[in-house]
Amino acid sequence: MTGGAVPHDDKKIGEESLAPQQTRIMGPWSYLFAWLGGCVSIGTFTVGSGLVGTLNLIQTVLAIAIGCGVIGLALMINGRAGHKYGIPFMVQARAAYGFSGTRLPALVRSVPAIVWYGFQSWIGAGALNLVSETMFGYSNIWVFFIGFQFLQIGLSVLGFHGIKWLENIGAVFIIGALIYMFFSVIGRYGDQISTNLIQAEGTWGAPFWGATMLFLGVYSTMMLNVSDYSRELQHGVGRGRQVAIYANSILPATLFMGLIGLMVSSATGEVDPIRVFSSAVDNPVLLVVTLLFIAFAQVTTNILNNVVPPAYAMMDVFKLPFKAAAVIVGLLAFATFPWLLVRDESAAGLGLFIRTYSAFLGPIFAVLVVDYYIIRRQTLNLAHHYDADGPYRGWNPAAVIATVVGVVVALIFSGISWYASLIPAGVTYWLLMQYLPAAQRFRA
């Protein structure tokens, strides 16, 4: 038996493992705060800004609420295996994709995480640089970027113990700052908001439902590896309560950030998140606090969402300890050249990258869910999940073919790619698993 199948009854700081985990360090409230702090994504500003001229204010609020409701349900569904058995995403995926086949979902989840890690670190460093320039007259984005990145690397090696306390403390600051900024934007741009958003007709057609998927899409990567987090949640938290935790942690951050982006962009035409926030603040002290919020938000999001998935993937593929994997992930973020990604001329390429990897998210999610709930009937043989020479050895053609079918459908219906890909991928996987001879399901 390989892969560390001995259950962990205790876990010290930074000692994350792929083994089945018995120790649960997060209660319901800690888990809620962790998700709240980890979901302050810069992408939400951009999504909100992109709806200017398409939806009015009420439609945007409903689109966000629907998207967050779907997110909460999807997270609970795919996170069930991790919560029940204490296994991470990489181990969960072995039943569907095989030991070798898990490289596909690992790649789809890890590469975007590392890219966004670097991108958001550059945004955070830019905020710190502006703070320094405002207070001390010193400006050097490279100094702040390098320092900021190594700070995050230092925090990431603490593992989920560090994540728990960072997110729990940060959630209070984040919510306070978002509420303040929300009302500051209304106070400064109230007339323009009334004209451009409240009185706007908007649409309840396809663009509205496409908007629900845009907000859902910000978190669709996390739907794949949710077991990495649900294995930390205490036993006894039921399914309904889990949906409520996910939805009510994601909704506040998404609602405030999406609406701030929408309102400021509709009033000023500005889409850059730092400028969006800065434009609503006249007081230098409040400006500094606001910029520190932006920087802090990048830390809480990166540590939870953009370090854990690729670190666990490296632990699985290269048999690295968690601390070493976390450091390597942080260093790889430098290699994404985020200073190039933030340029206006890079927007088209970045958009293509997002659409490309997003096409894989729904199909992989569908395969994992069908495998756990229909094929395995929510009962896993953990010995098989940790035996590289056992029944899950190699790769599973059924999972790969189903993923490809789902990707093709997602690319055809790109406006609602996540929704559109679920049924084709899920049905294809189920059919192949029914009719593909058992001897051919997993290949070396």
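## A walk through the helices

Let us begin at a loop: G53 sits between helix α2 (42–50) and helix α3 (57–85). This is a predicted model, and everything below describes that prediction. With a relative accessibility of 78%, G53 counts as exposed. Its C-alpha atom is separated by 8.2 Å from that of A200, a residue 147 positions away along the chain.

**Two buried serines in α11**

From an exposed glycine we can turn to the short helix α11, which spans residues 227–230 and includes S227. S227 has a relative accessible area of 0%, so this serine is buried. Setting aside neighbours within four places in sequence, S227 is in contact with N78, G79, A81, G82, I87, P88, F89 and Q92.

S230 belongs to helix α11 as well. Its relative accessible area is 0%, so S230 is buried. What does S230 touch, leaving aside its neighbours within four places in sequence? The contacts are R24, Y31, G79, G82, H83 and Y246. If you are following along in the structure, G79 and G82 are worth displaying: they appear among the contacts of S227 and also among those of S230.

**The nonpolar core and Y429**

The largest nonpolar core holds 121 residues, and W35, F160 and Y429 touch the most other members. Helix α14 (residues 284–318) supplies the largest share of this core, with 17 residues.

Y429 makes a good viewpoint for looking around. Not counting residues up to four places away in sequence, Y429 touches A95, A96, V367, V370, D371, I375, R376, N396, A398, A399 and A402. Two of these contacts, A95 and A96, are buried residues of helix α5. How many residues of helix α5 (residues 94–101) are buried? The count is 7 of 8, leaving this helix mostly covered. The buried residues are R94, A95, A96, Y97, G98, F99 and G101.

**Three helix pairs**

Y429 also leads us to the packing of helices, as it is one of the α20 residues that meet α19. The table sets out the axis geometry of this pair and two others.

| Helix pair | Axes come within | Crossing angle |
|---|---|---|
| α19 (397–412) and α20 (417–435) | 8 Å | roughly 155° |
| α7 (141–156) and α15 (322–334) | 9 Å | roughly 160° |
| α14 and α15 | 8 Å | roughly 120° |

Take α19 and α20 to start with: their axes cross at roughly 155°. That angle makes α19 roughly antiparallel to α20. The crossing of α19 past α20 is right-handed. On the α19 side, the contact is formed by A398, A399, I401, A402, V405, G406, V409 and A410, which meet S417, A420, S421, P424, A425, T428, Y429, L432 and M433 of α20. Sorted by class, that contact has 13 nonpolar, 4 polar and no charged residues.

Next come α7 and α15, whose axes cross at roughly 160°. This makes α7 roughly antiparallel to α15, and their crossing is right-handed. From α7, the contact draws on F145, I146, Q149, F150, I153 and S156, while α15 provides F322, A326, V327, G330, L331, A333 and F334. By class there are 10 nonpolar, 3 polar and no charged residues in the contact of α7 with α15.

How are α14 and α15 oriented to each other? With axes crossing at roughly 120°, the two helices are therefore oblique to each other. Helix α14 passes α15 in a right-handed crossing. Here N306, V307, P310, A311, Y312, M314 and M315 of α14 meet F322, A325, A326, I328, V329 and L332 of α15. The class count is 12 nonpolar, 1 polar and no charged residues. Helix α15 uses F322 and A326 in its contact with α7, and F322 and A326 also serve in its contact with α14.

**Two positive phi angles around α15**

Most residues other than glycine have a negative phi. K319, in the loop between α14 and α15, has a positive phi of about 55° although it is not a glycine. K319 is exposed, with a relative accessible area of 60%.

F337 is found in the loop between α15 and α16 (338–341). This phenylalanine has a positive phi of about 50°. Is F337 buried or partly exposed? Its relative accessible area is 43%, so F337 counts as partly exposed.

Technical notes. Residues numbered from 1 in each chain as written. Predicted model: local features only at pLDDT ≥ 70, side-chain atom pairs only at ≥ 80, totals over all residues. Heavy atoms only, no water. Axes fitted to C-alpha atoms, helices over the stretch in contact; angles between N-to-C directions. Helix = DSSP H or I, 4+ residues; strand = E, 2+ residues; numbered from the N terminus. Parallel < 35°, antiparallel > 145°, perpendicular 65-115°, else oblique. Left-handed = near helix turned anticlockwise from the far one by under 90°. Contact = heavy atoms within 4.5 Å. Nonpolar A, V, L, I, M, F, W, Y, C, P; charged D, E, K, R; others polar. Buried < 20%, exposed > 50% of the residue type's maximum accessible area, 1.4 Å probe, protein only. Core = buried A, V, L, I, M, F, W, Y, C linked by side-chain atoms within 4.5 Å.
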